[in-house]
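User: I have a structure open and would like to talk it through. Could we begin with one of the helices and move outwards from there?

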Amino acid sequence: VMRDLQGTDALLARDHEIAAILKALDARYIRPAPGGDLVRTPAVLPSGRNMHGFDPFRLPSALAMHDGAMQANRLLAQHAKRSGGQYPESIAMVLWGSDNLKSEGGPIAQALALIGARPRFDSYGRLCGASLIPLDELQRPRIDVVMTLSGIFCDLLALQVRVLAEASY
């Protein structure tokens with residue numbers, strides 16, 4: 001961990017932007033880099049590279065799936081505490097494009113966890129669908145999730161819309 005932090009510190013201490021601007025003005029190639037924040041995606045460093053927002057075939061990420069499941073469990077525990085141990089029949093969510101891009105698909109993962117589903121990946125590690133978690137493994141009822149999707153979410157995350165639809169039927 002300390003080596004990773006030292007490497008990050010070294011990348012932050014050096015100016016990469018001016019060299020990249022000069023390369024761009026000279027019509028030369030600038031390596032791409034993922035978008036996002038430094039804490040969740042250290043690969044954004046060094047700065048000064050062409051930024052792409054996300055890889056749609058990798059969303060939600062493993063970290064987002066873990067975080068989304070924790071958020072779903074907290075939500076269900078809070079509801080159970082208020083309702084005498086009952087699970088909600090349905091939950092409404094608004095899925096925003098920008099929130100999902102910044103969190104590597106955290107809200108998508110939360111919706112999947114509430115439904116009792118997980119993303120399915122092909123042999124190349126690309127998102128290709130959803131699978132329902134068996135009820136004996138899930139150990140609770142499935143929750144109906146009513147989702148409102150923002151326009152940007154629909155425009156940028158068409159594959160994720162299909163995955164959520166597949167998890168819902």
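**A working chat about the model**

Analyst: In helix α5, the buried residues are G106, P107, I108, A109, Q110, A111, L112, A113, L114 and I115. Please note that this is a predicted model.

User: How many of the residues of α5 are buried, and what does that say about its surroundings?

Analyst: The count is 10 of the 10 residues, so α5 is largely enclosed by the rest of the structure.

User: What follows α5?

Analyst: G116 follows α5, and its phi is positive, near 90°.

User: Let us step back. How many helices and strands are there in the protein?

Analyst: The protein has 8 helices and 6 strands. Their order along the sequence is α-α-β-β-α-β-α-α-β-β-α-β-α-α.

User: What is the radius of gyration, and what would a compact globule of 169 residues have?

Analyst: The protein has a radius of gyration of 19 Å, whereas a compact globule of 169 residues would have one near 15 Å. The C-alpha trace spans about 65 × 35 × 30 Å along the principal axes.

User: What share of the residues is buried?

Analyst: Of the 169 residues, 34% count as buried. The protein exposes about 10600 Å², and carbon and sulfur atoms supply 59% of that area.

User: And what about contacts between residues far apart in sequence?

Analyst: Taking contacts between residues at least 6 apart in sequence, 61% join residues at least 24 apart.

User: How many positive and negative side chains are there?

Analyst: There are 18 positive and 17 negative side chains, and the centres of the two sets lie 3 Å apart.

User: Back to the region before α5. Where is N100, and is it buried or exposed?

Analyst: N100 sits in helix α4. With a relative accessible area of 0%, N100 is under the 20% cut-off and therefore counts as buried.

User: What does the side chain of N100 reach?

Analyst: A polar atom of the N100 side chain lies 2.9 Å from the backbone oxygen of W96. Beyond residues up to four places away in sequence, N100 touches L59, L95, G105, G106, P107, I108, F153 and L157. Among them, G106, P107 and I108 are in α5.

User: What about S103?

Analyst: S103 is in the loop between α4 (97–102) and α5 (106–115). S103 is buried, with a relative accessible area of 13%. The side chain of S103 reaches the backbone nitrogen of G106 at 3.0 Å. Leaving aside neighbours within four places in sequence, S103 is in contact with R40 and A64.

User: E104 comes up in that loop too. What is its phi?

Analyst: The phi of E104 is near 60°, a positive value in a residue other than glycine. Most residues other than glycine have a negative phi. E104 lies in the loop between α4 and α5, and it is buried, with a relative accessible area of 17%.

User: Which residue in α3 is in contact with E104?

Analyst: L63, in helix α3, is in contact with R40 and E104 once neighbours within four places in sequence are left aside. L63 and E104 are 41 residues apart in sequence and 7.9 Å apart in space, C-alpha to C-alpha. L63 is partly exposed, with a relative accessible area of 43%.

User: Where is Q139, and what is its phi?

Analyst: Q139 is in the loop between α6 (135–138) and β6 (144–149). Although Q139 is not a glycine, it has a positive phi of about 60°. Q139 is exposed, with a relative accessible area of 66%.

User: Changing topic to peptide bonds: which residues does a cis bond join?

Analyst: A cis peptide bond joins L59 and P60, with omega about 10°. Most peptide bonds are trans. P60 lies in the loop between β2 (50–52) and α3 (62–83).

User: And what does F121 touch?

Analyst: Not counting residues up to four places away in sequence, F121 touches F57, P60, R126, L127 and C128. F121 is in strand β4 (residues 117–121) and is partly exposed, with a relative accessible area of 36%. F121 and R58 are 63 residues apart in sequence and 8.7 Å apart in space, C-alpha to C-alpha.

Notes: Residues are numbered from 1 along each chain as its sequence is written. This is a predicted model: local features need pLDDT of at least 70, side-chain atom pairs count only at pLDDT 80 or more; totals for chains, interfaces and linings use all residues. Side-chain values use heavy atoms; hydrogens and water are left out. Helices (H or I, at least four residues) and strands (E, at least two) are DSSP runs, numbered from the N terminus. The radius of gyration is taken over C-alpha atoms; the globule rule is 2.2 Å times the number of residues to the power 0.38. Buried means under 20% relative accessible area, exposed over 50%, partly exposed in between (1.4 Å probe, protein chains only). Contact means heavy atoms within 4.5 Å. Accessible areas come from the Shrake-Rupley method with a 1.4 Å probe; for residues, only the protein chains shown count as cover. Lys and Arg count as positive and Asp and Glu as negative; His and the chain ends are not counted. The place of a charge is taken as NZ of Lys, CZ of Arg, CG of Asp or CD of Glu. A polar contact is a pair of N or O atoms within 3.5 Å; within protein, one must be able to donate a hydrogen and the other to accept it, and residues adjacent in sequence count only if both atoms are side-chain atoms.
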